[in-house]
Amino acid sequence: MKETENFNIKSGIAAAPGLTIARAYIFSKEKEVVNDSFIVDPDEAIRDLEEALEKSRKELEKVLAVTIDILGKNRGEIFEAQIMILDDPFLIGNIKKRIAEEKRNPEFTVDTEFSKYQKIMARSEQPYMKERILDIEDIKNRIIKNIRKKKWVSRLSNDIIVISEFLTPADTVLFLKNNVQGYVTNSGGLTSHAAILARSLNIPAVVGLHNATTIIKNDDLIILDGSHGQVIINPDQNTLEKYNKKITRLQAYGEDLKKLRDEPAITLDGRHVKLMANLDLNEEFHFITENGAEGIGLVRTEQIFQGDDTFPSEEVQTAAYRKLAEMTYPNRVIIRAFDVGGDKMLPVDLKEPNPFLGWRGIRFLLDNPGLLKTQTRAVLRAAVFSNISFMIPMVSSFREIIAFKSIVNECENELRNEGKEFYEGIKLGIMIEVPSAAVMAKEFAAEVNFVSIGTNDLIQYLLAVDRGNDIISDQYQEFHPSVVRSLAHIIKEAKSNEQSFVSICGEMAADPLAVPLLVGLGLDSLSVSASAIPNIKKIIRSLKYSETIELASKCLECKREKEIRDEMRRFFMEKFPDIYEELFST
Ligand code: PEP
Ligand code: MG
């Protein structure tokens, strides 16, 4: 991303819309340097250490259990060894004794004691001992991290803009308790899961600023414009006033949109496009009703359970899905099977060379049928309200759809034999987010009741552009002619099966500029972050379906991304000059 002329205005990727003004908090993801500062209360430090050891143990036990389950007993040994280190009475006793006597902070004492072990091992003649040095490093860092984490969270003040090198989905959620006002990162892309979460939570974010953590200092005053990807550092009085006025104007626009809450998303000439919400966290459920969604088009189950230590049991999942179904009734809830892998954490300690092309989504689930069966049984049992549908992510072959259907069948038979109540007519679906599934849309869609197009992944796999990599973010193009033509192909092919319902749940659907095109391509439903719903609804209600069809056919003729983008802008400016002003002008 290019920087603008003015030294204190920086441009990055507009990852989550909204305007906010607050103080900066630099969240360092680097391994912090351990210093040897003195402490006043050694008892408290020892308690912190004990808590960190316990937390490390829980994390390692979880990793161990899943590793043994999936990769076999031998692969679990390294974690068993790490857990044994946590129990080593000599080592741990020594650390506690030193904290009490020397009154140095616990991170320092852990670091120096573990380093002694590592030095002895480094002198060993045996290669095995040398290899263990890394294990010791790993556990040392885990303990230090767990001692630290507790501290930086409690030290934080509220209403901050978090500035970081990058953020994981877990980090994004972590700052909620501090009423975080915005996020700025050096790296990351528009559809990285941290950015998606920021949008779901309605927290403005700018990513891919490259050097945010070096040019911004703690407590700098920041204007964060997530809609235009701009960050203004320590603005002058005039700029502050200008942006404060804009915030007031946007609030009034937001209030105006609220009036449409209970209206459906119907075009001026009567085409109803179902406007649903994506659910990433249970905490955001109230946004869904407040913003007037007609159901939930995507529940990212891997995210709603992400704070749990292990995959949740059938009972826990049944209760969670049932609650969602009850709260959404009579509208539909589409539950997606766990989509682990990629940039979402894999529950095993496995380093893949290409995680986005690796053990992800349905591939992982079919290799771990116990996991998929538990989730399927829970979904079937929760579906007693009959408004739950179930879909699978990352489908790339026919075989996977058949295997999934047979697991659903097997679970239904089991529940029947056990005399458990469940819904017999559940609607099944697949996500189309891999080019092979896009090409085969007709045949794949014929096997299920609905398809949901996941453009976040489809774009990255179609264009071979990593969705989370800011270096090539200008090549991650939702209006690339091949993307638009693929969407047209998927919709046409899938709809040649009469029963098929075709929706989109990727972030493209939340881009106001893309909405007329998506409507014109014939989608039955759009599922977007709840916060985007009022705006998208206003756009759909101001469109003529017939005109969007013309727009779509023009775009399908184009050869370049820019031609399509220009077409969309022209359409938008002509039809809604007022919305265009509000959404796209700085
Ligand atoms: C997508 O790929 O478009 C999608 C909705 O799934 P996720 O973002 O969770 O990968
Ligand atoms: Mg996806």
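This report covers the metal site, the ligand 1 site and two helices of the structure. The model is predicted.

**Magnesium site**

The magnesium ion is ligand 2. Its protein donors are E433, through OE, and D457, through OD. They lie 2.0 to 2.2 Å from the ion. The two donors come from distant parts of the chain, 24 residues apart. E433 sits in the loop between β13 (427-432) and α16 (435-439). D457 belongs to helix α18, residues 455-463. Both E433 and D457 are buried.

**Ligand 1 site**

Ligand 1 is surrounded by 17 residues. The closest are R300, R336, E433, N456 and R467. E433 thus appears here and among the magnesium donors. Backbone atoms also approach oxygen atoms of ligand 1, as tabulated here.

| Residue | Backbone atom to an oxygen atom of ligand 1 |
|---|---|
| G454 | 3.4 Å |
| T455 | 3.2 Å |
| N456 | 2.8 Å |

N456 is also one of the closest residues to ligand 1.

**Helix α15**

Helix α15 runs over residues 398-418 and has 21 residues. Its first and last C-alpha atoms are 31 Å apart, close to the 30 Å expected at 1.5 Å a residue. Which of its residues are buried? They are E400, I401, F404, I407, V408, C411, E412 and L415. These residues lie on the same side of α15, because they cover an arc of only 140° around the axis. An α-helix has 3.6 residues a turn, so residues three or four places apart point the same way.

R399 and N417 are on the other side of α15, and they are exposed. The cover over the buried residues of α15 includes the helices α13 (362-367), α14 (369-382) and α17 (441-446). Strands β12 (388-392) and β13 are also part of that cover. β13 comes before the loop that holds E433. After α15 comes G419, with a positive phi near 70°.

**Helix α9**

Helix α9 covers residues 237-258, 22 residues in total. At 1.5 Å a residue it should span 32 Å, and its end C-alpha atoms are 32 Å apart, which agrees. L240, Y243, K246, I247, Y253 and L257 are buried in α9. Seen down the axis, these buried residues fall within an arc of 140°, so they line one face of α9. K246 is among the buried residues, whereas its neighbor K245 is exposed on the other side. Q237, N238 and Q251 are exposed on that side too.

Conventions
Residues numbered from 1 in each chain as written. Chains lettered and ligands numbered in written order. Predicted model: local features only at pLDDT ≥ 70, side-chain atom pairs only at ≥ 80, totals over all residues. Heavy atoms only, no water. Donors = N, O, S within 2.8 Å, 3.2 Å for Na, K, Ca; no water. Helix = DSSP H or I, 4+ residues; strand = E, 2+ residues; numbered from the N terminus. Buried < 20%, exposed > 50% of the residue type's maximum accessible area, 1.4 Å probe, protein only. Expected span 1.5 Å × (residues − 1). Arc of directions from axis to C-beta. Contact = heavy atoms within 4.5 Å. Near = heavy atom within 4 Å. Polar contact = N/O pair within 3.5 Å; in protein donor to acceptor, adjacent residues only side chain to side chain.
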